[in-house]
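Here are some questions on salt bridges and loop residues. Work through them with the structure open.

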Amino acid sequence: QLQLVESGGGLVQSGGSLRLSCDVSKLLKDYYNIGWFRQAPGKEREGVSCISIIRIGDGNTNYVDSVKGRFTISRDTAKRTVNLQMNSLKPEDTGIYYCAAVQNPGYPGTRCGVSVAEYHYWGQGTQVTVSS
């Protein structure tokens, strides 16, 4: 069964940083959109950022407005992880963070989205808590 594994969550003070990793080594195909999502208590799961892993070169990235300039998504080819560097964290960033995957055709210019409905495979999540 396809499995994505998140790591790197924890407790941090407001203004601090965390780096989340999503192990994508068990993906069976080569080309996927990888998204990061979060769910706060009592709220719906929402998209945070995504990256398209394509055949040649760097894929497109996308961020929701609330994290632009603070979060950076990247791919570590050697470790087969997709990372989310989170800086200047705020209490409203608190939640369970999930990575998710959906296969893409791999062509240059392939874009990714941050809609929950687009993604087929999900990890179990990692807790991020930002204290004020």
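**Salt bridges and two loop residues**

The side chains of D65 and K68 form a salt bridge, with N and O 3.1 Å apart. The model is a predicted one.

Q: Is D65 buried or exposed?
A: The relative accessibility of D65 is 65%. Exposed means over 50%. Because its value is 65%, D65 counts as exposed.

Q: Which class does K68, the partner of D65 in the salt bridge, fall into?
A: K68 has a relative accessible area of 48%. The class between 20% and 50% is partly exposed. So K68 is partly exposed.

Q: How many salt bridges does the model have?
A: Side chains of opposite charge can pair when their charged atoms come close. The cut-off used here is 4 Å, from a side-chain nitrogen of Lys or Arg to a carboxyl oxygen of Asp or Glu. By this rule the count is 4.

Q: How far apart are the closest N and O atoms of E46 and R38?
A: E46 is partly exposed, at 37% relative accessible area. R38 is buried, at 7%. The two residues form a salt bridge, and their closest N and O atoms are apart by 2.7 Å.

Q: How many residues apart in sequence are R38 and D93?
A: R38 also forms a salt bridge with D93, at 2.9 Å between the closest N and O atoms. The pair links distant parts of the chain: R38 lies in strand β4, D93 in the loop between β8 and β9. Both residues are buried. Their separation in sequence is 55 residues.

Q: Which residues are linked in a network of salt bridges?
A: R38 pairs with E46. R38 pairs with D93 as well. The linked residues are R38, E46, R70 and D93.

Q: Which residue offers its backbone nitrogen to the side chain of N104?
A: N104 sits in the loop between β9 and β10. N104 is buried, because its relative accessible area is 7%. Its contacts include Y31, Y32 and T110, leaving out residues up to four places away in sequence. At 2.7 Å, its side chain reaches the backbone nitrogen of G106.

Q: Is V116 buried, partly exposed or exposed?
A: V116 is in the loop between β9 and β10. Leaving out residues up to four places away in sequence, V116 touches F37, R45 and W122. Its relative accessible area is 31%, so V116 is partly exposed.

Q: What is the C-alpha to C-alpha distance between V116 and T72?
A: V116 and T72 are 44 residues apart in sequence. In space, C-alpha to C-alpha, they are apart by 19 Å.

Notes
Residues are numbered from 1 along each chain as its sequence is written. This is a predicted model: local features need pLDDT of at least 70, side-chain atom pairs count only at pLDDT 80 or more; totals for chains, interfaces and linings use all residues. Side-chain values use heavy atoms; hydrogens and water are left out. Helices (H or I, at least four residues) and strands (E, at least two) are DSSP runs, numbered from the N terminus. Buried means under 20% relative accessible area, exposed over 50%, partly exposed in between (1.4 Å probe, protein chains only). A polar contact is a pair of N or O atoms within 3.5 Å; within protein, one must be able to donate a hydrogen and the other to accept it, and residues adjacent in sequence count only if both atoms are side-chain atoms. Contact means heavy atoms within 4.5 Å.
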